[in-house]
Amino acid sequence: MKISLVVSDVDGTLVTPDKVLTARAIAAVAQLHGRGIGFSVCSSRPPFGLRMLIEPLRLALPLGGYNGGTIVAPDFSVVEQQLVPPDAARIAVEAFRAQGIDCWLFVGNEWVIRNPDGSHVAHETRTVQTPPTVVPEFTDAHLAGAGKIVGPNDDYGLIARVAAELGEVLAGRANVARSQPYYCDVVAPGIDKGRLIVLLSERLGIPSEEIMVLGDMENDLEMFRVAGFSVAMGNAAEPVKEVASAVTLSNEEDGFAAAIERYVLGD
């Protein structure tokens with residue numbers, strides 16, 4: 001099996017549960033570079049939430065934020081960008097509120113929230129290393145400029161149900177998927193992580209069968225569908241494991257590095 005490009009999800013895959021890049025993961029990506037194998041990431045995070053990965057991983061290819069809704073170069077110049085349609089954004093916000101979920105809007109280089117004490121705000125602040133902008137109400141400008149809307153809640157069953165229901169309501173107008181068991185993401189219609197794989201394949205002239213992807217959640221499945229070889233993390237959701245080409249260790253056990261070593265480097 002020849003692999004010429006590797007693309008990884010970030011949270012739940014590339015980094016530990018504490019959002020740390022391990023020395024082994026950094027070394028594995030360095031070995032990819034040394035062998036002339038491309039590497040990039042695609043995440044539900046906003047692009048600015050990926051900046052801490054640029055230097056240690058020596059990222060040189062376009063990378064995807066907002067589940068592929070915004071693809072940027074490593075200097076954060078925009079390669080492609082699609083926003084959530086304002087009418088779909090308003091429906092999503094109202095649906096989250098109806099379920100008692102304090103949602104967030106990611107607009108440009110900031111994330112906008114109404115409740116600073118809401119579910120997972122402190123967690124997201126640590127993850128993207130950027131504090132939120134707290135507003136009394138979402139304005140028309142916020143709704144018109146949203147690259148992603150997130151509904152966070154620790155009731156996993158609630159999030160799964162809202163994701164399914166909202167996905168039906170917004171079918172054709174927005175893409176809805178869980179990026180974590182506790183996050184329901186709403187992005188632009190027709191947008192998913194597979195878009196970055198297609199873009200890199202076209203730009204680099206690498207056929208899909210030479211691309212390996214790694215992920216752990218349902219929003220990674222579109223990457224799995226367009227790549228030649230897919231690896232699910234040991235901590236992955238069962239639907240992800242079921243369709244993956246292989247399953248590696250969890251992100252607590254350096255599963256990302258283990259997969260690179262086994263399936264690409266042949267260690």
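Strands E6 and E7 form a hairpin in this predicted model, with 2 residues between the two strands. Gly108 lies in the turn and has a positive phi of about 60°. Beyond the hairpin, the briefing covers a crossover, an open parallel sheet of 5 strands and the packing of helix H4 (residues 86-98) with helix H7 (residues 156-169).

**Hairpin and crossover**

- Strand E6 (residues 104-107) pairs with strand E7 (residues 110-113) through 4 bridges, in the antiparallel sense.
- Phe106 has Trp111 in E7 as its bridge partner.
- Strand E7 is also joined to strand E8 (residues 133-134) by 2 bridges, and these two strands run parallel.
- Within that pairing, Ile113 has Val134 in E8 as its bridge partner.
- Between E7 and E8 the chain passes through helix H5 (residues 121-128), giving a β-α-β crossover that is right-handed.

**Open parallel sheet**

- The sheet is open, its 5 strands follow the order E2-E1-E12-E13-E14, and the pairing is parallel.
- Strand E2 (38-41) and strand E14 (246-247) each have a single partner strand, so they stand at the edges and one side of each is left without a neighbour in the sheet.
- Strand E1 (residues 5-8) runs parallel to E2 and is joined to it by 4 bridges.
- In this pairing, Ser8 stands opposite Val41 in E2.

**Helices packed on the sheet**

- Helix H8 (residues 194-204) packs on the sheet and touches E1, E2 and strand E12 (211-215).
- The direction of H8 makes about 160° with that of E1.
- Helix H11 (residues 255-265) also packs on the sheet, where it touches E1, E2, E12, strand E13 (229-232) and E14.
- The direction of H11 makes about 155° with that of E12.

**Packing of H4 with H7**

- The axes of H4 and H7 come within 11 Å of each other and cross at roughly 150°.
- Because angles over 145 degrees count as roughly antiparallel, H4 is roughly antiparallel to H7.
- The crossing of these two helices is right-handed.
- On the H4 side, Ile91, Ala92, Ala95 and Phe96 take part in the contact, and they meet Val162, Leu166 and Val169 in H7.
- By class, this contact of H4 with H7 has 7 nonpolar residues, no polar residues and no charged residues.

How values were computed:
Residues are numbered from 1 along each chain as its sequence is written. This is a predicted model: local features need pLDDT of at least 70, side-chain atom pairs count only at pLDDT 80 or more; totals for chains, interfaces and linings use all residues. Side-chain values use heavy atoms; hydrogens and water are left out. Two strands pair if DSSP finds at least two bridges between them. Contact means heavy atoms within 4.5 Å. Axes are lines fitted to C-alpha atoms, for helices over the stretch in contact, and angles run from 0 to 180 degrees between N-to-C directions. Angles under 35 degrees count as roughly parallel, over 145 as roughly antiparallel, 65 to 115 as roughly perpendicular and the rest as oblique. A crossing is left-handed if the near helix is turned anticlockwise from the far one by less than a right angle, and right-handed if clockwise. Ala, Val, Leu, Ile, Met, Phe, Trp, Tyr, Cys and Pro count as nonpolar, Asp, Glu, Lys and Arg as charged, and the others, Gly among them, as polar. A crossover is right-handed if, with the strands pointing away from the viewer, the path from the first strand over the helix to the second runs clockwise.
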